[in-house]
Amino acid sequence: MSAQAVKQKVSVPFDYDKYLRPGKLPHIWCPGCGHGIVLKSLLRALDKAAYDKNDICMVSGIGCSSRTPGYVDFNTLHTIHGRAFSFATGVKFAKPKMKVIVVTGDGDALAIGGNHFIHTCRRNIDMTILVYSNSIYGMTGGQYSPTTPEGSIATTSRYGNIEPPFDVCEMAKAAGATFVARGTAYHTLELEKILFEALEHKGTSVVDIIDSCPIYYGRMNKFKSASQMMDVIEKEGTVSVKQADKLPAEKLEGKLLRGVLHKVERPEYCETYETVIMGKAAGK
Amino acid sequence: MAEKKKKLMQGNEACAEGALYAGCRFYAGYPITPSTEIAEVMSVRLPKIGGKFIQMEDEIASIGAIIGASLAGMKTLTATSGPGFSLKQEGLGYACIAEIPCVIVDVMRGGPSTGYPTGPSQSDIMQAKWGTHGDHPAISLAPAYVQEILTETVRAFNLAEKYRTPVVILYDEIVGHMREPITIPEPGEIEVIDRAAPACPPEEYFPYDNNFLVAPLAPFGEGYRFHVTGLNHKNDGFPTNDPKIIEENNLRIMRKIDENRADIWKNEEFGVDDAEVLVFSIGSTARSARYAANAARGSGIKAGLLRPITIWPFPDAAVEELAKRVKAIIVPELNLGQMVGEVKRAANGACAVEGIHRVDGEPINPAQILDVIKKYR
């Protein structure tokens with residue numbers, strides 16, 4: 001074998017086509033949007049986990065991130081606004097062998113879908129929830145969302161947003177999710193690792209993914225470019241949990257923590273239904 | 001064969017029995033009066049036979065869950081009443097456009113809003129047809145007897161599976177809570193229909209193949225990886241902006257029902273052959289109407305009853321035909337006038353049409369109907 005051949009083998013590119021449906025690209029996402037980067041990390045994490053594509057079901061609601069299922073070669077379900085969790089619960093509970101992934105945005109998951117989000121976490125039903133948090137309703141042209149920072153400009157908050165944002169991770173944890181993590185579209189390799197861990201976790205796993213919308217949020221809030229926005233929001237605006245331990249409190253002010261923030265073991269819903277409910281029903 | 005044992009059963013319990021008989025193995029719901037007994041029975045019975053019961057966080061989540069579970073291959077049910085039915089409307093429309101079989105029971109109570117939770121009503125008839133936005137097909141069944149709730153629930157599942165569409169069962173609180181002796185049919189006694197599975201390999205499968213009026217539906221997780229969306233879509237399930245395809249699909253989902261009305265329609269007729277005055281009524285009101293028609297005949301008036309068991313698609317043909325033979329059609333209903341407009345449309349001026357309406361939470365009694373029948377003697 002020549003040296004040239006060895007070199008080529010080492011640099012074999014990742015085969016994204018294995019997971020993407022032929023003829024469905026280009027995607028609808030705007031230039032500078034981070035959603036494609038998140039998808040890349042997700043596909044790599046799924047490849048590492050090596051699930052059978054026939055067993056994967058990706059469910060989404062309505063919005064920019066919710067268009068993801070259309071591009072991937074799994075069982076895919078694009079539902080109605082805010083209700084992806086309910087449809088996903090139906091699929092998973094009916095057929096527990098399915099690997100269910102919910103792809104949603106901050107508006108879809110936390111505003112219109114907020115009730116379903118917390119109850120899904122509470123049940124600890126086995127599914128991985130990816131919340132693409134870009135702090136804006138992109139599909140409808142830039143309205144403020146439940147994760148829009150106070151003071152931010154949106155088409156419906158021209159005088160500055162007066163509502164405090166949700167902390168997605170704190171809410172998921174409080175509601176009962178057994179795996180809670182945060183990543184960003186900027187830290188793509190780290191995100192891949194987090195997503196792999198989330199997928200492999202038994203129970204409800206929630207990953208808050210800080211992502212940016214340069215077209216709407218960026219322009220209205222005077223960011224210079226998509227990359228500068230990533231620098232400010234995703235790179236400078238976050239600190240990994242490992243680094244955070246070594247930093248003084250003033251250095252952490254206003255920054256979001258990245259990494260696995262909460263991980264506990266608790267009985268999973270479908271398994272408990274089988275062992276407890278079906279078990280007791282059979283005895284009666 | 002030995003005579004089968006009768007069981008005293010409530011309408012809502014009979015509904016659960018019918019669902020189980022039809023092969024329903026997934027229930028998702030939210031507590032609401034006067035339908036809750038259906039959930040209670042399903043929560044006990046389903047886990048005994050390998051089925052799944054889940055109480056969701058709200059009405060919207062319940063219809064979402066039954067649509068998801070149906071896509072995973074199960075026959076699915078949810079039950080509610082007026083306020084919950086309002087909340088389920090967006091999900092109902094999704095099941096129509098995405099062509100997902102499922103059954104929704106609405107045990108009708110007084111409205112609007114919270115209204116009269118323990119009082120009977122028939123005021124969701126129009127909601128069952130027009131409640132969700134956009135033009136869409138509607139099948140809705142309206143049983144009037146406890147035994148019939150069981151058999152019509154089986155038929156609701158059959159129609160849902162056959163036509164890949166949601167089916168709504170409508171009955172009023174009186175019928176839902178009434179107890180009557182009924183017989184549980186033996187397995188095989190009533191036909192049970194399962195959705196068509198694709199005969200082709202996955203690479204040739206189109207979930208919305210326009211070569212079929214109703215395309216086969218593959219379950220998720222069995223090798224047929226396909227896309228489902230509430231957006232207007234092509235034959236492969238992916239969204240489209242092509243006006244021709246959008247129109248074709250919107251018309252096809254209507255044609256599924258329109259071209260099969262004869263298969264879906266079901267009426268009970270009483271004394272219609274020589275009737276001069278006809279009563280048109282559903283549910284508990286039809287029971288009063290039958291009594292009234294009988295009483296009218298006792299006093300020499302040729303009265304009859306047309307009781308639609310399928311209320312949507314509306315029984316146009318039966319009304320149109322009978323309107324030509326009778327002096328009047330009387331439409332008693334527990335609302336301020338929903339079916340009566342449809343009867344007028346179908347009768348098309350061939351006879352007089354008069355409604356009897358009541359929204360005080362009390363049933364329409366036979367005497368009330370008899371008084372109006374006598375006007376047309």
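This talk walks through the fold of chain A, its sheet, and the place where chain A meets chain B.

A word on conventions before I begin. Residues are numbered from 1 along each chain as its sequence is written, while chains are lettered from A and ligands numbered from 1 in the order in which they are written. What we have is a predicted model, in which local features need pLDDT of at least 70, side-chain atom pairs count only at pLDDT 80 or more, and totals for chains, interfaces and linings use all residues.

Let me start with chain A as a whole. Chain A has 12 helices and 8 strands, where helices (H or I, at least four residues) and strands (E, at least two) are DSSP runs, numbered from the N terminus. Its C-alpha atoms fill a box of roughly 65 × 60 × 45 Å, taken along the principal axes. For 284 residues, a compact globule would have a radius of gyration near 19 Å, and the 20 Å of chain A agrees with that; the radius is taken over C-alpha atoms, and the globule rule is 2.2 Å times the number of residues to the power 0.38. Of the 284 residues in chain A, 49% are buried. Here a residue is buried if 20 or more other C-beta atoms, placed from the backbone, lie within 10 Å of its own, exposed if 12 or fewer, and partly exposed in between.

Now to the sheet. Strands of a sheet pair through backbone hydrogen bonds, either parallel or antiparallel, and here two strands pair if DSSP finds at least two bridges between them. In what order do the strands of the open sheet stand? There are 9 strands, in the order E7(A)-E8(A)-E5(A)-E6(A)-E4(A)-E3(A)-E1(A)-E2(A)-E10(B), with mixed pairing. Strand E7 (238–240) of chain A and E10 of chain B stand at the edges, each with a single partner strand, so one side of each has no neighbour in the sheet. From one strand to the next, the twist averages 20°; angles run from 0 to 180 degrees between N-to-C directions, and axes are lines fitted to C-alpha atoms, for helices over the stretch in contact.

At one edge, E7(A) pairs in the parallel sense with strand E8 (residues 256–263) of chain A over 3 bridges, and A:Ser240 has A:Arg258 in E8(A) as its bridge partner. Towards the other edge, strand E1 (residues 56–60) of chain A runs parallel to E2(A), joined by 4 bridges, with A:Cys57 opposite A:Asn75. In E2(A), A:Asn75 and A:Leu77 point one way while A:Thr76 and A:His78 point the other, and all are buried. E2(A) is also joined by 3 bridges to strand E10 (residues 227–229) of chain B, again in a parallel run, and there A:Leu77 stands opposite B:Val228.

That brings me to the interface, in which 33 residues of chain A are in contact with 33 residues of chain B, contact meaning that the C-beta atoms of two residues, placed from the backbone, lie within 7 Å. Strand E2 (75–78), helix H3 (84–94), helix H5 (114–123) and helix H12 (269–283) of chain A each supply at least two residues of this side. Which element gives the largest share of the side of chain A that touches chain B? The answer is H3(A), with 8 residues.

One of those elements, H5(A), also packs inside chain A, where its axis comes within 7 Å of that of H6(A) and crosses it at roughly 50°. The two helices are therefore oblique to each other, given that angles under 35 degrees count as roughly parallel, over 145 as roughly antiparallel, 65 to 115 as roughly perpendicular and the rest as oblique. A:Ile118, A:Cys121 and A:Arg122 of H5(A) meet A:Met171, A:Ala172 and A:Ala175 of H6(A). Helix H6 (residues 168–175) itself lies across strands E4 (127–133), E5 (179–184), E6 (204–210) and E8 of chain A, at about 170° to E5(A).

I will close with some backbone details. In chain B, a cis peptide bond joins B:Gly111 and B:Pro112, with omega of about 0°, and B:Pro112 sits in the loop between strand E5 (102–110) and strand E6 (116–120) of that chain. B:Ser113, in the loop between E5 and E6 of chain B, has a positive phi of about 55° although it is not a glycine.
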